[in-house]
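Biologist: Please take a close look at a single part of this model. I would like it described piece by piece, with the cut-offs given as you go.

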Amino acid sequence: MSPKPPDRRPPVGFPLRLVPDERGELAFPSLEASVRQSIEVILRTRPGEQLMRQGFGAGLERMVGQPNTVSTRRRIQELVQRALTEWEPRLELIRVDVLELADLPAQVRVEIVYRLRRTGDVQQLGLAMDLGG
């Protein structure tokens with residue numbers, strides 16, 4: 001019996017959202033998809049929401065109802081940078097920009113640029129955040 005060849009797929013981390021493919025089979029997400037999912041979970045989670053990790057999450061909900069000022073956008077940037085640096089070790093944060101949207105004064109655009117530590121690939125994720133409450 002010949003030895004099994006080594007598995008060359010990149011390791012993935014949590015959260016692992018199993019999604020059926022076009023054939024209905026379940027497969028683990030790629031490293032890129034897993035990190036992107038993790039970023040979304042971190043940014044949507046309030047600190048204290050997870051029982052075993054009380055500090056987990058960005059706490060962006062604290063910014064709802066705040067005026068769209070340079071100070072508010074800087075605070076959002078700091079919250080995102082701190083949370084991703086602390087809770088997602090598979091990425092190296094390159095830049096977080098929080099931009100005002102001229103046509104939507106109660107919203108900001110958060111642009112996150114990061115490098116996957118394992119592959120060196122640069123990825124970008126953008127999301128809109130409503131401050132209006």
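Modeller: The part described here is the open sheet, with its surroundings. The model is predicted, so to speak of local features a pLDDT of at least 70 is needed, side-chain atom pairs count only at pLDDT 80 or more, and totals for chains, interfaces and linings use all residues. Residues are numbered from 1 along each chain as its sequence is written, and side-chain values use heavy atoms, leaving out hydrogens and water.

The chain contains five strands and two helices (DSSP runs numbered from the N terminus: E of at least two residues for strands, H or I of at least four for helices). Along the sequence their pattern is β-β-α-α-β-β-β. The sheet is made of three strands in the order β3-β4-β5, paired antiparallel; strands pair if DSSP finds at least two bridges between them. At the edges stand β3 (91–101) and β5 (122–130), each with a single partner strand, so one side of each has no neighbour in the sheet. From one strand to the next the twist averages 15 degrees.

Between β3 and β4 (residues 104–116), which run antiparallel, there are ten bridges. Within this pairing, V98 stands opposite V110 in β4.

Both helices pack on the sheet. α1 touches β3, β4 and β5, and its direction makes about 140 degrees with that of β4. α2 also touches β3, β4 and β5, with a direction at about 160 degrees to that of β3. Contact means heavy atoms within 4.5 Å; angles run from 0 to 180 degrees between N-to-C directions of lines fitted to C-alpha atoms, for helices over the stretch in contact.

The largest nonpolar core has 25 residues, and those touching the most other members are I39, L43, L60, I76, V80, I112 and Y114. Such a core is a set of buried Ala, Val, Leu, Ile, Met, Phe, Trp, Tyr and Cys residues joined through side-chain atoms within 4.5 Å. α1, α2, β3, β4 and β5 each give two or more residues to this core. Leaving aside residues up to four places away in sequence, Y114 touches several residues, including V35, R36, I39, L91, L93, V122 and L125.

Away from the strands, T45 sits in the loop between α1 (31–44) and α2 (70–87). T45 is buried, at 7% relative accessible area (buried is under 20%, exposed over 50%, partly exposed in between, with a 1.4 Å probe and protein chains only). Beyond four places in sequence, T45 touches Q50, F56, G57, A58 and G59. Across the chain, buried residues make up 30% of the 133 residues.
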